[in-house]
Amino acid sequence: MDRRAMACCRHSLRRLMGSPRIWALLILCVLCFDRYIAPIRALLIGEGLRISWPALMVFFLNDSWLSVMLALGLLLLLFDVPPRDEAQKYLLLRSGRAAWARGQLYYVLCATALYMVAMALILLAWIAPYVDWTTGWSDGIMAFVDGAYEVYDSLINYDPWIVRVYTPLQALAIEAGLHYVCFAALGFAMCLVNAAAGGRAGFLVAAAPAMFDVVITEYFSTSVYYFSPLTLTRLSCLDYGDGRMCPTVAYAAIVLTLLAAVLGALFVFVYGRKEVHQ
């Protein structure tokens, strides 16, 4: 067990939990979700239907704008990583550079997991009275897939191919896993640039590929999907037998995992070679 690195990780997590930034971000997420959830609640109330929480999570994560907003929210949450307060300098001296750097990577991984769980629970809280706890796609989701999204002015894209190819739990496992690895990779990229440049320019560098995903499906061919990290997290942009020559799920998982591993290793290497706490 990497005890010294985990001790640094726990300290950074406690520091994050005490920051007002986390509460401001949660409030903004609640307000953002309200616009997306309102048409769904209107359908469920008006038609007397119920909706599957995992199934709704699938289409939330599959929406390009929501994916971008979630990515930017996480980057804002981790904006100051690696931290530079006096306590961190003390931890760095006690644990050593390499262990401290690994601790920051563990911190990004843990914060990303907690962030995604918090977003899922916020979504559940909005639809709690109307949740269908079965393992199917539910009547509410199928109504939107069949065209109710136009009647109720829903902002979410309900891709019928996802419903035909996957079960809700399969789709959620794939999308949640890909989003987690992608978000972690973006966090590692921000760590790397901040450490190498000695400033906070990492946010802009990490946010750039996330923002690119907003326009990629509108203005670029599917061949560009292979090189856009956030695009590789959305099932509607991956291959499910429709002949569009999109990346496969396996390709997305391998590329995102390698990207996160390389960026994490580079951060540890750079931090071990460059004095950033001058």
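In this predicted model, the side chains of Arg-234 and Asp-213 meet in a salt bridge, with 2 atoms, N and O, at 3.1 Å. This pair links distant parts of the chain, since Arg-234 sits in the loop between α10 (202-219) and α11 (249-273) while Asp-213 belongs to helix α10, 21 residues apart. Both partners are covered, for Arg-234 is buried and so is Asp-213. A search of the whole structure finds 4 salt bridges, and the points below take up others of them together with two helix environments and one serine.**Salt bridges around Asp-80**

- The side chains of Arg-15 and Asp-80 form a salt bridge with an N to O distance of 2.8 Å, and this pair links distant parts of the chain, with Arg-15 in helix α1 (residues 3-17) and Asp-80 in the loop between α4 and α5 (86-95), 65 residues apart.
- A salt bridge also joins the side chains of Arg-21 and Asp-80, here at 3.3 Å from N to O; because Arg-21 lies in helix α2 and Asp-80 in the loop between α4 and α5, the pair ties together parts that are 59 residues apart in sequence.
- Arg-15, Arg-21 and Asp-80 are thus linked in a network of salt bridges.
- Within this network, Asp-80 is buried, as its relative accessible area is 14%, whereas Arg-15 counts as partly exposed at 31% relative accessibility and Arg-21 counts as partly exposed at 28%.

**Helix α3 and its surroundings**

- Helix α3, which spans residues 53-62, is mostly covered, with 9 of its 10 residues buried.
- The buried residues of α3 are Pro-54, Ala-55, Leu-56, Met-57, Val-58, Phe-59, Phe-60, Leu-61 and Asn-62.
- The elements that cover these buried residues include α2 (20-47), α4 (64-77) and α6 (97-127), and also α7 (138-151), α8 (160-165) and α9 (168-197).
- At the start of α3, Ser-52 has a side-chain oxygen that reaches to within 3.3 Å of the backbone nitrogen of Ala-55.

**Ser-138 in helix α7**

- Ser-138 is found in helix α7, and because its relative accessible area is 9%, under the 20% that marks a buried residue, Ser-138 counts as buried.
- When its neighbours within four places in sequence are left aside, Ser-138 is in contact with Arg-50, Ile-51, Ser-52 and Asp-132.
- Ser-52 therefore appears in two of the descriptions given here, as a contact of Ser-138 and as the residue whose side-chain oxygen reaches towards Ala-55 at the start of α3.

**Packing of α9 against α10**

- Helices α9 and α10 pack at an angle of about 145 degrees, and their axes are 7 Å apart.
- The crossing of α9 and α10 is right-handed.
- From α9, the contact is made by Leu-186, Met-190, Val-193 and Asn-194, and from α10 by Gly-202, Phe-203, Val-205, Ala-206 and Pro-209.
- Sorted by class, the contact of α9 with α10 has 7 nonpolar and 2 polar residues, and no charged residues.

How values were computed. Residues numbered from 1 in each chain as written. Predicted model: local features only at pLDDT ≥ 70, side-chain atom pairs only at ≥ 80, totals over all residues. Heavy atoms only, no water. Buried < 20%, exposed > 50% of the residue type's maximum accessible area, 1.4 Å probe, protein only. Helix = DSSP H or I, 4+ residues; strand = E, 2+ residues; numbered from the N terminus. Contact = heavy atoms within 4.5 Å. Polar contact = N/O pair within 3.5 Å; in protein donor to acceptor, adjacent residues only side chain to side chain. Axes fitted to C-alpha atoms, helices over the stretch in contact; angles between N-to-C directions. Left-handed = near helix turned anticlockwise from the far one by under 90°. Nonpolar A, V, L, I, M, F, W, Y, C, P; charged D, E, K, R; others polar.
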